[in-house]
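Visitor: Can you walk me through some packing and contacts in this one? Short answers are fine.

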Amino acid sequence: MGWFSSGPKDEGGPAKTSGGAFESPTRSTRKQCYAARDAFFDCLDKNNVLDSINTKSGREKAQTFCSQLDQEFEKNCAHSWVEYFKKQRVVNYQREQTIKKIEAQGGEITAPQLPLPGQK
Amino acid sequence: MSAPRRLAIGAARAAGNTAAPRNARRTFASQSSTSASSSRVVSRRSTQCLREAQNSIAGNSKPANALRGQSRPFTQSASRSKLKTIDQIRARNKGGPFNLTAAILFLAAGGGLYAYLTYEKERMARKRIADQTKGIGKPKVGGPFELMDQEGNKFTSNDMLGKYSLVYFGFTHCPDICPDELDKMALMYDKVVAECGTVLTPLMITCDPARDDPKVLKEYLKEFHPEFIGLTGDYNQIKDTCKAYRVYFSTPSSVKPGEDYLVDHSIYFYLMDPEGDFVEAIGRNFTADQAARIMIDHIKDWEKPLKKETRWE
């Protein structure tokens with residue numbers, strides 16, 4: 001059934017399995033997905049919506065303002081990717097805020113990481 | 001004593017190597033006739049001054065024997081060389097111990113030593129990293145495995161021997177990080193090959209064996225680099241390999257066909273040496289250039305012969 005419903009779409013997204021995953025993720029399908037994601041996130045930015053997945057109000061707001069782009073997003077990405085990116089958006093924002101907060105307090109951000117070559 | 005002594009210095013200098021006999025003759029001449037001595041006068045005034053002084057000394061007081069006895073100690077080779085040395089020291093001390101040659105030598109030696117010590121220090125640091133996981137009682141990263149490459153052929157950990165290997169764990173349904181890292185891996189690989197030749201095997205081991213069969217891996221990897229080798233296996237083989245490499249992954253053990261899910265996994269590149277030992281983990285914070293530099297440095301440190309080096313050629 002999966003291939004009947006997803007195959008004949010002319011301008012639609014890449015082939016997907018019945019579960020909503022890509023049949024075969026390629027560079028072009030990823031590119032399409034990222035573009036759809038960015039368009040959707042731009043819409044959320046314009047309407048001042050951060051979280052479009054974790055809270056009920058957020059989901060509703062996203063539905064009200066950006067439902068068209070959300071559908072495009074779902075169409076062009078695997079469903080798991082959509083959830084991943086939506087959650088990542090929140091996490092990234094919170095991380096930025098935390099960094100800003102620490103920097104405003106005069107603290108220094110030193111993310112735990114391996115030393116770069118040349119650094120002692 | 002100081003005045004005649006200084007004169008004797010001048011005499012010794014003027015006389016040069018054959019100072020002793022000439023000095024003796026001069027003493028004789030000064031006694032017999034002044035005209036003879038003036039005929040031997042050289043253009044140097046100092047010599048002349050000396051002779052007049054000697055004349056006055058000789059004429060005033062003593063016979064030739066006494067003078068000879070007096071002047072002989074000054075013409076002895078031992079004291080002459082001593083005096084010469086003092087002279088040289090004086091000349092040298094005029095400019096102090098510093099001159100252009102000394103400065104160049106000092107800088108060259110200092111610079112060379114600094115460069116060498118810096119290089120050695122870095123090499124030892126790398127060696128320490130590389131040796132950290134060797135020997136007894138050290139954490140062991142990597143280990144034997146038996147998987148399948150994207151052509152469906154068996155690929156075991158023995159196939160890694162003889163070349164350095166760059167091991168990356170990922171999965172084809174990875175949203176954003178793995179593709180970025182694999183693009184980086186392609187850059188890293190090309191840089192290393194450009195500088196060191198084909199001494200590196202690029203491996204991508206899937207953490208998602210249920211979906212990533214050899215065919216899927218082949219399609220996936222050819223978009224990144226034609227040399228990449230993709231490895232897959234059954235769930236337990238992959239689980240054991242991940243465990244050996246200390247890779248965390250969250251692959252569900254049983255998945256329905258077509259199911260949509262993501263896999264969490266560690267995202268380090270593992271550099272393994274030609275004997276299959278772990279060398280260094282390269283994290284996401286490294287650029288392709290930095291990572292390639294690390295690998296090239298390690299590869300250049302390798303002194304032992306590469307085993308089975310034509311395996312993949």
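Visitor: Which residues of H3(A) meet H4(A)?
Guide: This is a predicted model. From H3(A) come Asp70(A), Phe73(A) and Glu74(A). They meet His79(A), Val82(A), Phe85(A) and Lys86(A) in H4(A).

Visitor: How does that contact split by class?
Guide: There are 3 nonpolar, 1 polar and 3 charged residues where H3(A) touches H4(A).

Visitor: And the geometry? At what angle do the axes cross?
Guide: Roughly 125 degrees. H3(A) covers residues 56-76 and H4(A) residues 79-104, and their axes come within 7 Å. That crossing angle makes H3(A) oblique to H4(A).

Visitor: Staying with H3(A), what do Lys56(A) and Glu60(A) form?
Guide: A salt bridge between their side chains, 3.4 Å from N to O. The two residues sit 4 apart in helix H3 of chain A, so about one helical turn separates Lys56(A) from Glu60(A).

Visitor: How many salt bridges over all chains?
Guide: The count is 18.

Visitor: How many across the interface of chain B and chain A?
Guide: Just 1 salt bridge is found there. Asp183(B) pairs with Arg27(A), and their closest N and O atoms are 2.9 Å apart.

Visitor: Which helices of chain B supply at least two residues to that side?
Guide: Helix H8 (177-196) and helix H11 (288-301) of chain B. H8(B) gives the largest share of the side touching chain A, with 3 residues.

Visitor: What's the class split on that side of chain B?
Guide: It divides into 13 nonpolar, 6 polar and 7 charged residues.

Visitor: How much area do chain B and chain A bury between them?
Guide: About 1,900 Å², with 54% of it on carbon and sulfur atoms. The contact takes 26 residues from chain B and 25 residues from chain A.

Visitor: How many residue pairs are in polar contact between chain B and chain A?
Guide: The count is 8, with both residues at pLDDT 80 or more.

Visitor: New topic. How does H7(B) pack on H11(B)?
Guide: The angle is about 90 degrees, and the axes are 10 Å apart. H7(B) is therefore roughly perpendicular to H11(B).

Visitor: Which residues meet there, H7(B) to H11(B)?
Guide: Arg123(B), Arg126(B) and Ala130(B) in H7(B). Opposite them in H11(B) are Asp297(B), His298(B) and Asp301(B). By class, that contact has 4 charged, 1 polar and 1 nonpolar residues.

Terms used
Residues are numbered from 1 along each chain as its sequence is written. Chains are lettered from A and ligands numbered from 1 in the order in which they are written. This is a predicted model: local features need pLDDT of at least 70, side-chain atom pairs count only at pLDDT 80 or more; totals for chains, interfaces and linings use all residues. Side-chain values use heavy atoms; hydrogens and water are left out. Contact means heavy atoms within 4.5 Å. Buried area is the accessible area (1.4 Å probe) that two parts lose on being put together, summed over both. A salt bridge is a side-chain nitrogen of Lys or Arg within 4 Å of a carboxyl oxygen of Asp or Glu. A polar contact is a pair of N or O atoms within 3.5 Å; within protein, one must be able to donate a hydrogen and the other to accept it, and residues adjacent in sequence count only if both atoms are side-chain atoms. Ala, Val, Leu, Ile, Met, Phe, Trp, Tyr, Cys and Pro count as nonpolar, Asp, Glu, Lys and Arg as charged, and the others, Gly among them, as polar. Axes are lines fitted to C-alpha atoms, for helices over the stretch in contact, and angles run from 0 to 180 degrees between N-to-C directions. Angles under 35 degrees count as roughly parallel, over 145 as roughly antiparallel, 65 to 115 as roughly perpendicular and the rest as oblique.
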